[in-house]
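These are my notebook entries on a single chain. I set out to look up one residue first and then the packing of some helices and strands.

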Amino acid sequence: MAKAIMVQGTMSNVGKSLLTAGLCRVFRQDGYHVAPFKSQNMALNSFITADGLEMGRAQVVQAEACGVEPSVLMNPILLKPVTNMGSQVIVNGEVLGNMRAKDYFAMKRSLVPDIQKAFDTLCARNDILVIEGAGSPAEINLKTDDIVNMGMARLAKAPVLLVGDINPGGVFAQLAGTLMLLSEQERSMVKATIINKFRGDKSILDPGLAMLEELTGRPCIGVVPYMDIDIDDEDSLSARLDRKTPAQVDIAVIRLPKLSNFTDFSALDAMPGVGVRYVERVKELKRPDLVILPGTKSTIADLRWLRESGLEAAILRLCNEGVMIIGICGGYQMLGQSVTDAEGSEGGGSIYGMGLLPVRTQFAAEKQRTRVSGVGLPGTLLEGATAEGYEIHMGRTVLDPGAEPLLRLENGALDGCIRQNVLGSYLHGFFDRAEIRTRIVAELCRRKGISPDLRAADFDYAAYRQRQYDLLADTVRENLDMAQVYRILEEGI
């Protein structure tokens, strides 16, 4: 039976996911069978497992750090925000339905058996589980029936490491204040604190660390530096979305309000000579070599935003000038002639598309959720190239007569559409295959009249990711007292 340790944070975006992945990698390097766990995740960045079930991307990254296949056991509940007041609720990889926040909070306690079963199953298969919390355990209005922070720690009998983010300031108040707002029983479960995202000379912190330990009665077992490590982040709080990287090939991804699966473009961004930047205003768009419309949880609402922001008109102008445009999933739907939601899957309604591809989308209540592969069709830019990825969408897209599909899938079905310099596909992970992204980057270079960076052809993204996990583990070992971490793990609560 596995031992468990839990990483909680003083607030969202303190780096819990990354530190959890780092600990997973360290334990794996030390010879243990280890798995991540997060009882409830809220994110639009999701993934489809080999058995066709949906889970949060953060636990996929952590599983990869552990060297194991992702499983919905690692994330039994996923909430995908649909509106400001509600989310699609996914339990054990299957859609339960859309719920308003207050309705979900009224019923979430009934999901504890699902959490317990997933946790127990993982425990039976591993030596160590590294559990990630969500937000802050000190949200006193949410503590009743908590299933993701201290409630989960009690269920798992897991000691807690409390992480604070020094980057915005006030880290000592974060840590001390969070502990003050916990009950006496909850405080007893917090065994140590960690300061994350530090820049500068650690010796300057030493007096504060001594005072923090005296105030809280708990050791600070590490000051982790701000890490420049290229590992997928959990959600749109990611600093990746704010990077403006100059490069030989300039790719602009439209930062839609309900942007989902932005990690679809991580492999492109990692390529030598390629820069990916995210834009949400016309003045930021400029004249890139490629514009990508990414996935979205709300195609109609985000298309309306694209239109009202002026970005649609700017993209259409670029398209007319010969700039390549690619749409993935919801972005592919936007490129078509129309999007109709007769069944109310996204709130109902119908909207004209951008008119760049001869396709029409009709939403349906049933979500398409599968891992797929396919081959580029003859006569297209991707002719003969193999694409792999996964589909997560509610719509069915039909090509107009004479329209040219992009891929033939392994099951014989067709995916996507291409017309001149515009193409679209439903495949998340479309750019992960080397032959797909190198084919596209080579075409962008040809259009630009330059030679591709020779390193790009030999770039192994899978090996690159493994090196990033090892760098993460090195940073964790260097800056956390791993002897204390192992002691805390062994002693439990």
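Entry 1. I looked up E321 and found it partly exposed, because its relative accessibility is 48% and the partly exposed class runs from 20% to 50%. The model I consulted is predicted. I located E321 in the loop that links helix 12 (311-320) to strand 18 (324-328). I then checked its distance to R287: the C-alpha atoms lie 9.9 Å apart, with a separation of 34 residues in sequence.

Entry 2. I turned to the sheet of six strands. I recorded it as open, with parallel pairing and the strand order 2-9-1-10-11-12. Which strands stand at the edges? They are strand 2 (34-37) and strand 12 (220-225); each has a single partner strand, so one side of each lacks a neighbour in the sheet. I noted an average turn of 20° between neighbouring strands, direction ignored.

Entry 3. I examined one pair within this sheet. Strand 1 (residues 3-9) and strand 9 (residues 128-132) run parallel and are joined by five bridges. I traced K3 to its bridge partner in strand 9, which is I128.

Entry 4. I asked which helices lie across these strands. I found helix 4 (residues 112-125) lying across strand 1, strand 2 and strand 9, at about 165° to strand 2. Helix 17 (residues 482-491) lies across strand 1, strand 9, strand 10 (160-165), strand 11 (190-198) and strand 12, and I read its angle to strand 1 as about 120°.

Entry 5. I followed helix 17 to its packing with helix 1. Their axes are 13 Å apart, at an angle of about 85°. I therefore entered the two helices as roughly perpendicular. Helix 1 contributes L23, V26 and F27 to the contact, and helix 17 contributes M482, V485, Y486 and L489. I classed the residues of this contact as seven nonpolar, with no polar and no charged ones.

Entry 6. I finished with helix 1 (residues 16-29) against helix 2 (residues 57-66). Their axes come within 8 Å and cross at roughly 20°. The two helices are therefore roughly parallel to each other, and I noted the crossing as right-handed. On the helix 1 side I listed S17, T20, A21, C24, R25 and R28, which meet A58, Q62, E64, A65 and C66 of helix 2. By class, I counted five nonpolar, three polar and three charged residues in the contact of helix 1 with helix 2.

Terms used: Residues numbered from 1 in each chain as written. Predicted model: local features only at pLDDT ≥ 70, side-chain atom pairs only at ≥ 80, totals over all residues. Heavy atoms only, no water. Helix = DSSP H or I, 4+ residues; strand = E, 2+ residues; numbered from the N terminus. Buried < 20%, exposed > 50% of the residue type's maximum accessible area, 1.4 Å probe, protein only. Axes fitted to C-alpha atoms, helices over the stretch in contact; angles between N-to-C directions. Parallel < 35°, antiparallel > 145°, perpendicular 65-115°, else oblique. Left-handed = near helix turned anticlockwise from the far one by under 90°. Contact = heavy atoms within 4.5 Å. Nonpolar A, V, L, I, M, F, W, Y, C, P; charged D, E, K, R; others polar. Pairing = 2+ DSSP bridges.
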